[in-house]
Amino acid sequence: MTRDTSDYVAGRIERALASDPRTHELGIRADVRDGVVILRGEVACEQRRLLIAEVVRDAAPELDVRNEVSVPELQPPGEEEKLT
Amino acid sequence: MIRVAAVGDVHLDEDLRGSLRPKLADIATHADVLLLAGDLTRHGDPAEAQVVAAEFGGLAVPVVAVLGNHDYQCDRSDEVTKMLEDAGISVLEGSGVVLSLPGGRMGIAGTKGFGGGFPGKCGSEFGEPEMKAFVRHSRQLAEGLGHALKELDAGFRVALTHYSPVEDTLAGEPPEIYPFLGSYFLAEAADSGLADLAVHGHAHAGTEKGHTLGGVPVRNVAMPVLRRPYAVYCLGTGDESACR
């Protein structure tokens with residue numbers, strides 16, 4: 001009986017993203033299915049988004065990479081909050 | 001009234017040099033002090049700390065910081081701290097600072113803090129040496145925060161940490177990782193030290209607002225949560241027009 005062990009691969013990819021000096025990203029989620037890894041999360045700039053895909057290709061060269069990581073824009077400071 | 005600006009988890013390196021400074025140019029019109037809640041660098045490299053110093057040094061308001069777990073990754077946190085201090089940024093760890101601001105005297109006590117979890121779902125100093133060391137580190141840092149808070153001679157007191165003191169502001173994170181995101185030891189310290197506000201970062205997928213069991217407002221100011229360069233919280237009463 002063949003069991004689905006793709007979550008182990010996802011775990012290996014997430015550990016690589018956390019420990020690789022090119023990324024050190026702890027907030028990226030990897031989902032692996034049917035030979036594809038889908039990456040989700042947010043980073044601060046486009047360069048970091050591209051490096052994430054690079055590290056994942058090195059960590060799991062057998063997978064196609066779908067990079068859905070986004071780069072959000074910062075909004076103005078906005079309204080203050082009164083606490084007392 | 002004192003206007004407290006705060007942000008954490010800016011994770012700066014050379015790629016982001018100059019990205020925040022323009023957004024901080026007018027901070028004195030919005031706030032009296034800026035707190036930085038750790039993870040200032042990407043992985044604690046002194047070269048990254050230079051970027052932090054350039055972005056946050058020499059602002060028109062005092063800047064007070066704690067380090068976060070990322071700032072320890074290269075095992076060079078002493079150098080990171082010195083670079084920030086040389087840029088005029090106060091870096092706290094089991095210590096405090098009192099600022100005389102237009103709205104009164106405000107004390108800030110800070111620590112990185114650590115994990116361990118929350119009541120009913122937390123680790124204990126029991127068993128293997130590694131487990132005992134994990135929880136002991138968290139307890140000792142929280143004790144340092146508590147002592148520093150109690151020593152503040154100020155009208156307003158703020159507890160500044162990287163790790164979260166409460167579960168409230170972790171909502172949105174997977175519950176399984178809560179013990180790696182904070183510890184209730186920090187909330188106990190904030191309550192016993194009569195803090196008026198507790199500010200933390202670390203939980204990028206969390207939410208901004210919570211409170212301790214003792215009623216201290218807790219704010220998660222991780223930049224991915226705020227989606228703005230900083231949030232501003234007003235303490236005290238007085239000049240209502242100063243905080244609209």
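In the predicted model, strand β4 of chain A and strand β13 of chain B, the latter spanning residues 231-235, run parallel and are joined by two bridges. One pairing places A:Glu81 opposite B:Tyr233, and another makes B:Cys234 the bridge partner of A:Lys82. B:Tyr233 is also the bridge partner of B:Val4, a residue that lies within the pairing of β1(B) with β13(B). Strand β1 of chain B, formed by residues 2-7, pairs with β13(B) in the antiparallel sense, and five bridges are found between them. Strand β13(B) thus has a parallel connection to β4(A) and an antiparallel connection to β1(B).

The surroundings of β13(B) may be described residue by residue. B:Ala231, B:Tyr233 and B:Leu235 point to one side of the strand, whereas B:Val232 and B:Cys234 point the other way, and all of them are buried. A residue is counted as buried when 20 or more other C-beta atoms lie within 10 Å of its own. Because five of the five residues of β13(B) are buried, the strand is largely enclosed by the rest of the structure.

The contact between the two chains involves 19 residues of chain A and 26 residues of chain B. On the side of chain A that touches chain B, the elements contributing two or more residues are α2 (46-59) and β4 (81-82). The residues on this side comprise eight nonpolar, six polar and five charged ones.

Helix α2(A) also packs within its own chain against helix α1(A), which covers residues 6-19; the two axes are 9 Å apart and the packing angle is about 130 degrees. Angles that are neither under 35 degrees, nor over 145, nor from 65 to 115 count as oblique. The helices α1(A) and α2(A) are therefore oblique to each other, and α1(A) passes α2(A) in a right-handed crossing. On the α1(A) side, the residues in contact are A:Arg12, A:Ile13, A:Ala16 and A:Leu17, which meet A:Ile52, A:Val55, A:Val56 and A:Ala59 of α2(A). By class, this contact consists of seven nonpolar residues and one charged residue, with no polar residues.

In chain B, six strands form an open sheet with mixed pairing, in the order β5-β6-β9-β10-β12-β11. Strands β5 and β11 of chain B each have a single partner strand and stand at the edges, so one side of each is left without a neighbour in the sheet. On average, neighbouring strands of this sheet are turned by 25 degrees against each other when direction is ignored.

Both senses of pairing can be followed in particular strands. Strand β5(B), residues 95-101, and strand β6(B), residues 104-111, pair in the antiparallel sense over seven bridges. Within this pairing, B:Gly110 of β6(B) is the bridge partner of B:Ser95. The connection from β5(B) to β6(B) is a hairpin through two residues. Strand β10(B), residues 197-200, in contrast runs parallel to β12(B), to which three bridges join it. In this case B:His200 has B:Asn220 of β12(B) as its bridge partner.

The loop between β11 (209-211) and β12 (217-220) of chain B contains B:Gly215. A residue is counted as exposed when 12 or fewer other C-beta atoms lie within 10 Å of its own. B:Gly215 is exposed because 7 other C-beta atoms lie within 10 Å. Its C-alpha atom is separated by 9.5 Å from that of B:Leu197, a residue 18 positions away along the chain.

Helix α4(B) lies across β5, β6 and β9 (156-161) of chain B and runs at about 165 degrees to β6(B). This helix, residues 129-151, also meets helix α5(B), residues 184-192; their axes come within 8 Å and cross at roughly 15 degrees. Angles under 35 degrees count as roughly parallel. Helices α4(B) and α5(B) are therefore roughly parallel to each other, and their crossing is right-handed. The contact is made by B:Ser138, B:Arg139, B:Ala142, B:Leu145, B:Gly146 and B:Leu149 of α4(B), together with B:Phe185, B:Leu186, B:Glu188, B:Ala189 and B:Ser192 of α5(B). By class, six of these residues are nonpolar, three are polar and two are charged.

Terms used
Residues are numbered from 1 along each chain as its sequence is written. Chains are lettered from A and ligands numbered from 1 in the order in which they are written. This is a predicted model: local features need pLDDT of at least 70, side-chain atom pairs count only at pLDDT 80 or more; totals for chains, interfaces and linings use all residues. Axes are lines fitted to C-alpha atoms, for helices over the stretch in contact, and angles run from 0 to 180 degrees between N-to-C directions. Helices (H or I, at least four residues) and strands (E, at least two) are DSSP runs, numbered from the N terminus. A crossing is left-handed if the near helix is turned anticlockwise from the far one by less than a right angle, and right-handed if clockwise. Two residues are in contact if their C-beta atoms, placed from the backbone, lie within 7 Å. Ala, Val, Leu, Ile, Met, Phe, Trp, Tyr, Cys and Pro count as nonpolar, Asp, Glu, Lys and Arg as charged, and the others, Gly among them, as polar. Two strands pair if DSSP finds at least two bridges between them.
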